[in-house]
Amino acid sequence: MPPCGNNMRERAETMMREYQANDTDALIAIWEKGNALAHPFLPAEFVAQVARDMRNIYLPNAETWVLEEDGEATGFIALIGDEIGGLFLDPSRIGEGFGRTMVDHAFGLKGPLRVEVFRENTIGRAFYEKYGFVFVDEYLHEPSGAVTYRMAMKSSS
């Protein structure tokens, strides 16, 4: 009997690979969808500037890893040392374990990680808390006007 349609996603080949310049448009599209979902509170002018910076600064200069499923980018994680500078997943794939896959990959490369997440980003905060990150402190992110939490993986010691 052939596999039913509901199992097709389960059979998809998923891998993490290094960012390439030709990934830029696909990752910007993922970022735009994810950003709209997680950060509706951010001012439009700030979001427009970040979109420009994603293309020209962040993606090319961070250590960026692409989550690819059947040859198509579905998410990415950008690292600056041991800090997650950005973690975005196509919103249609949230809840399928792909965020954990990306953080697991980064942890395998860098060890315990740190992240900054906007206080109002309840999706991101819940994800990091479930993963095991703990609150360290908070500050006002002046460019956006939003309060940001610094979080870190629990120490194993």
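**Entry 1: Phe118 and its partner**

I started with Phe118, which sits at 13% relative accessibility and so counts as buried. The cut-off I needed here is that buried means under 20%. I should jot down early on that this is a predicted model.

Next I went through the aromatic pairs, and the count comes to eight. One of them joins Phe41 and Phe118, and this pair is edge-to-face. I noted 5.7 Å centre to centre and 80° between the planes. Edge-to-face is the right label because the planes have to be over 60 degrees apart for it, and here I have 80°.

Where do Phe41 and Phe118 sit along the chain? Phe41 is in the loop between helix 2 and helix 3 (44-61), while Phe118 belongs to strand 5 (residues 114-118). They are 77 residues apart, so I wrote this one down as a link between distant parts of the chain.

Is Phe41 buried or partly exposed? I got 23% relative accessibility for Phe41, so it counts as partly exposed.

I also looked up an aromatic cluster: Phe127, Tyr128, Tyr131 and Phe133 form one together.

**Entry 2: a nonpolar patch**

Then I turned to the surface. Leu37, Ile94 and Ile123 make up a nonpolar patch there. Together they have about 250 Å² of accessible area.

I picked Leu37 for a second look. Leu37 is part of helix 2, which covers residues 24-38. Its relative accessible area is 43%, so Leu37 is partly exposed.

**Entry 3: a pocket**

Helix 2 came up again when I checked the second largest pocket. This pocket holds about 150 Å³ of space. Its lining includes Ala26, Ala29, Ile30 and Lys33. I also found Glu69, Glu72, Ala73 and Thr74 among the lining residues, and Asp90, Ser92 and Arg93 are on the list too.

Which element gives the most to this lining? My note says helix 2, with four residues. Helix 2 and strand 3 each supply at least two residues of the lining.

**Entry 4: Asp70**

My last stop was Asp70, in the loop between strand 2 (63-69) and strand 3 (72-80). What is the phi of Asp70? I noted a positive value of about 50°, although Asp70 is not a glycine.

I checked how covered Asp70 is as well. At 55% relative accessibility, Asp70 counts as exposed, because the cut-off for exposed is over 50%.

How values were computed
Residues numbered from 1 in each chain as written. Predicted model: local features only at pLDDT ≥ 70, side-chain atom pairs only at ≥ 80, totals over all residues. Heavy atoms only, no water. Patch = residues over 30% accessible without salt bridge, like charges linked within 9 Å, V, L, I, M, F, W, Y side chains within 5 Å. Areas by Shrake-Rupley, 256 points an atom, 1.4 Å probe, with all protein chains shown as cover. Salt bridge = Lys/Arg side-chain N within 4 Å of Asp/Glu carboxyl O. Buried < 20%, exposed > 50% of the residue type's maximum accessible area, 1.4 Å probe, protein only. Phe/Tyr/Trp six-rings, centres within 6.5 Å; stacked < 30°, edge-to-face > 60°. 1 Å grid on protein atoms, 1.4 Å probe; cavity = no way out; pocket = protein on both sides within 12 Å on 5 of 7 lines; lining within 4 Å. Points joined across faces, edges and corners; volume = space filled by probe spheres on them.
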